[in-house]
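Reader: Hi! Could you walk me through this one? I'd like to start with the sheets.

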Amino acid sequence: MKIIDIKNLEKIYNDSEVKVHAVNGVNLSFEKGEFAAIVGPSGSGKTTLLNLLGGLDKPSGGEIIIDNTSVGTLKSSRLIDFRLHNIGFVFQAYNLIPVLTVKENVEFIMLLQGKSKKERDARTKELLEAVGLIDRIDSRPAKLSGGQQQRVAVARALASKPKFILADEPTANLDSKTTENLLEIMEKLNREEQVTFIFSTHDARVVKKAKRVITIEDGKIISDERRN
Amino acid sequence: MKNLTIAWRNLWRNKRRTLITAAAVALAVFFSTLMSSMQEGTYSKMIDNIVKFYSGYLQIHHNDYWETRSIDDSYVPGQDLKDALNSTDEIELYVPRIESFTLLSTGNVTKGAALIGIDPEEENKITNLSQWVSTGEYLSKGDKGILVAVNIAKQLKAEIGDTLVLISQGYHGASAAGLFPIKGILKFPSPDLNNFGAYIDLDAARDFFSVPDMVTSMVLLVSDYDHVQKIKHAIQEKVGDKYSIMTWDEMQPEIVQMIEGDRAGGVVMKAILYIVIGFGILGTIIMMMSERKRENGIMIAIGMQKYRLQTMLFYETLLIGLVGVIAGFVLSIPIISIFVNNPIPLPAEIGEAYEMFGLEPAMYFSLVPKVVLNQLITVFVITLCIAVYPVIQIINLKVSNALRA
């Protein structure tokens with residue numbers, strides 16, 4: 001089932017003297033349950049594409065349709081609401097809320113969604129068990145290692161039961177062992193929760209695990225390889 | 001976990017900065033509360049002096065009396081007036097007075113002063129006049145003696161037992177003259193009153209001024225100081241415009257003006273103090289917003305509506321102010337409470353300056369609710385203004401830019 005459809009997507013930055021075509025006529029689609037990596041050198045447009053997909057940035061042209069909704073037509077507050085219910089984010093620098101505990105960070109999104117305490121508690125416990133951090137439930141992010149923080153970030157991204165998760169260089173700050181562990185967790189959650197994962201990365205370890213590898217260069221898709 | 005909880009925790013992410021900002025607010029609140037308390041205490045004492053020592057809270061006169069201050073504008077308090085006063089709630093007591101200008105003389109010294117005819121027992125219930133008799137005795141009903149304020153007695157070089165010659169103008173041109181032995185010397189805590197005049201029995205005054213059964217004023221004691229206007233209107237409704245009813249502040253407009261003027265001066269001082277503190281809080285909020293640009297972007301990215309984030313940041317701004325205000329009150333209220341019960345006596349030179357303005361030479365403090373409430377409202381308004389900054393910042397926040405910050 002197709003959940004994301006990207007048509008002739010463009011993003012042009014006019015900020016500097018030189019016009020930069022960060023995303024240039026991209027056409028892509030993603031199915032439910034995909035585990036896809038967008039790869040390419042620095043400055044190729046990976047993060048811009050991810051930001052456009054997540055509705056964090058406005059495209060200069062083209063269209064992104066997520067679950068029959070054209071993201072570009074949504075007003076600011078509707079777009080935030082759309083993200084809350086449909087998209088999960090994992091950032092390179094984890095970006096957990098430092099004043100909240102692990103439990104509170106995970107349930108924060110559900111709180112924004114207006115879910116009941118019972119529902120929040122059950123989902124938080126389930127996710128923290130899945131990422132192996134149930135014993136650190138009351139710790140603040142500062143007390144966790146980078147890998148642990150990223151696992152909490154994955155749990156947070158999944159808490160709202162999104163249609164897909166956008167992960168921008170999620171392993172960039174992690175060592176090999178931690179990366180391996182994190183990827184295993186994400187693969188497991190991808191299998192069990194049938195959530196689509198889309199990574200932007202230039203980490204070979206992530207590319208190795210991906211079932212689809214999209215290569216981007218100068219804002220254009222130059223290859224789209226599916227693996228079994 | 002509510003916005004308020006997150007806001008409270010955010011506040012303590014940079015403990016030192018929050019404490020310094022809150023301490024600055026606390027210091028401003030401390031000084032401002034102390035200053036307001038001292039001002040209100042002084043004003044209240046000043047009003048007390050006027051009301052309790054002499055004028056009462058309300059007076060009822062002949063319609064022209066306040067303009068002319070003439071004995072010709074005396075009146076006979078009719079039954080309608082007495083009924084109105086008896087039936088008005090909150091009037092605890094009313095006493096008659098006759099007051100006019102008189103020359104007092106002994107030997108070859110003459111001095112002009114007010115001569116007040118009083119019912120000694122009833123008057124004592126309102127002004128507690130007997131407590132100010134420093135030498136001699138207080139008047140009794142039907143007494144033929146006179147009580148003289150201490151400074152007048154000094155100027156007349158008169159002592160207890162000396163006889164004063166009183167000359168004035170009686171009702172409708174009648175001549176008024178009499179001899180009154182000094183029965184007591186009055187020493188008030190207010191220098192104004194010490195220069196004010198002399199007191200005789202009401203009947204003696206009526207004889208002296210040839211105004212049988214008449215009064216120049218009825219002086220009212222009421223149960224609540226703040227309700228004088230309400231009581232005035234209640235009486236007015238009953239007696240119409242037959243009499244002039246005046247509240248203490250209408251009788252002493254110069255005191256009200258002086259208080260308002262002094263209050264305005266205090267407001268300027270406090271405004272400067274709070275503006276400085278306001279910029280301190282603003283500085284903290286600007287730093288906080290700059291440090292947390294990325295975090296705010298993340299919150300919006302994951303689905304937090306901007307208005308919720310704005311509310312949270314608003315709470316943070318408010319909480320800084322609130323912590324400061326509470327700390328300020330914790331410091332100031334116990335100190336003020338001590339001073340309320342123990343006014344600070346002023347050194348001789350400053351004390352003399354106070355006396356020149358008719359004030360007792362001491363610093364009085366007050367802990368009326370407005371002293372505290374005004375600080376609370378001021379800090380709230382300042383933080384409200386400052387809270388506009390994060391609100392605008394969030395409105396203009398571009399998530400993709402914030403994530404790159």
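Author: Happy to, and keep in mind that this is a predicted model. In chain A, four strands make up an open sheet with antiparallel pairing, in the order β2-β1-β4-β5.

Reader: Which are the edge strands there?

Author: They are β2 (20-31) and β5 (69-70) of chain A, and each of them pairs on one side only.

Reader: And how many bridges join β1 and β4 of chain A?

Author: Five bridges, in the antiparallel sense, between β1 (residues 2-13) and β4 (residues 61-66) of chain A. To find one on your screen, look at D5(A), whose bridge partner in β4(A) is I65(A).

Reader: Nice. What about the open sheet of six strands in chain A, what's its order?

Author: That one runs β6-β7-β8-β3-β9-β10 (chain A), and its pairing is mixed. At the edges stand β6 (87-90) and β10 (220-226) of chain A; each has a single partner strand, so one of its sides has no neighbour in the sheet. On average, neighbouring strands of this sheet are turned by 20° against each other, ignoring direction.

Reader: Do β7 and β8 of chain A pair in the parallel or the antiparallel sense?

Author: Parallel: β7 (residues 164-168) and β8 (residues 196-201) of chain A are joined by five bridges. Within β7 and β8, D168(A) is found opposite S200(A) in β8(A).

Reader: Which strands does helix α2 of chain A lie across?

Author: Helix α2 (residues 76-86) of chain A lies across β6 and β7 of chain A, at about 80° to β6(A).

Reader: Staying with helices, how many residues of α3 in chain A are buried?

Author: Of the 12 residues of α3 (residues 102-113) of chain A, 11 are buried, so the helix is largely enclosed by the rest of the structure. Among the buried ones are V102(A), E104(A), F108(A), L112(A) and Q113(A).

Reader: What covers the buried residues of α3(A)?

Author: Elements from both chains. The cover includes α2, α4 (117-130) and α5 (146-159) of chain A, along with α1 (3-11), α12 (293-301) and α13 of chain B. While you're looking there, check G114(A) just after α3(A), which takes a positive phi of about 80°.

Reader: Over to chain B then. Which residues form the nonpolar patch on its surface?

Author: The patch consists of L322(B), I326(B), V330(B), L373(B), L376(B), I377(B), F380(B), V381(B) and L384(B), which together have about 770 Å² of accessible area. Two elements give two or more residues each: α13 (306-341) and α15 (369-386) of chain B. The largest share comes from α15(B), with six residues.

Reader: And V330(B), why does that count as exposed?

Author: Because its relative accessibility is 56%, and the cut-off for exposed is over 50%. V330(B) sits in helix α13 of chain B.

Reader: One last thing: which residues of strand β5 in chain B are buried?

Author: I146(B) and V148(B) on one side, and L147(B) and A149(B) on the other, so to speak both faces of β5 (residues 146-149) of chain B are covered. As for partners, β5(B) pairs with β7 (residues 175-186) of chain B in the parallel sense over four bridges, and with β8 (residues 197-201) of chain B in the antiparallel sense over three bridges.

Reader: Where does I146(B) fit into that?

Author: I146(B) has I182(B) as its bridge partner in β7(B), and in β8(B) I146(B) stands opposite I200(B).

Terms used. Residues are numbered from 1 along each chain as its sequence is written. Chains are lettered from A and ligands numbered from 1 in the order in which they are written. This is a predicted model: local features need pLDDT of at least 70, side-chain atom pairs count only at pLDDT 80 or more; totals for chains, interfaces and linings use all residues. Side-chain values use heavy atoms; hydrogens and water are left out. Two strands pair if DSSP finds at least two bridges between them. Axes are lines fitted to C-alpha atoms, for helices over the stretch in contact, and angles run from 0 to 180 degrees between N-to-C directions. Contact means heavy atoms within 4.5 Å. Patches are made of residues with over 30% relative accessible area and no salt bridge: like charges are joined within 9 Å, nonpolar side chains (Val, Leu, Ile, Met, Phe, Trp, Tyr) within 5 Å. Accessible areas come from the Shrake-Rupley method with a 1.4 Å probe; for residues, only the protein chains shown count as cover. A salt bridge is a side-chain nitrogen of Lys or Arg within 4 Å of a carboxyl oxygen of Asp or Glu. Buried means under 20% relative accessible area, exposed over 50%, partly exposed in between (1.4 Å probe, protein chains only).
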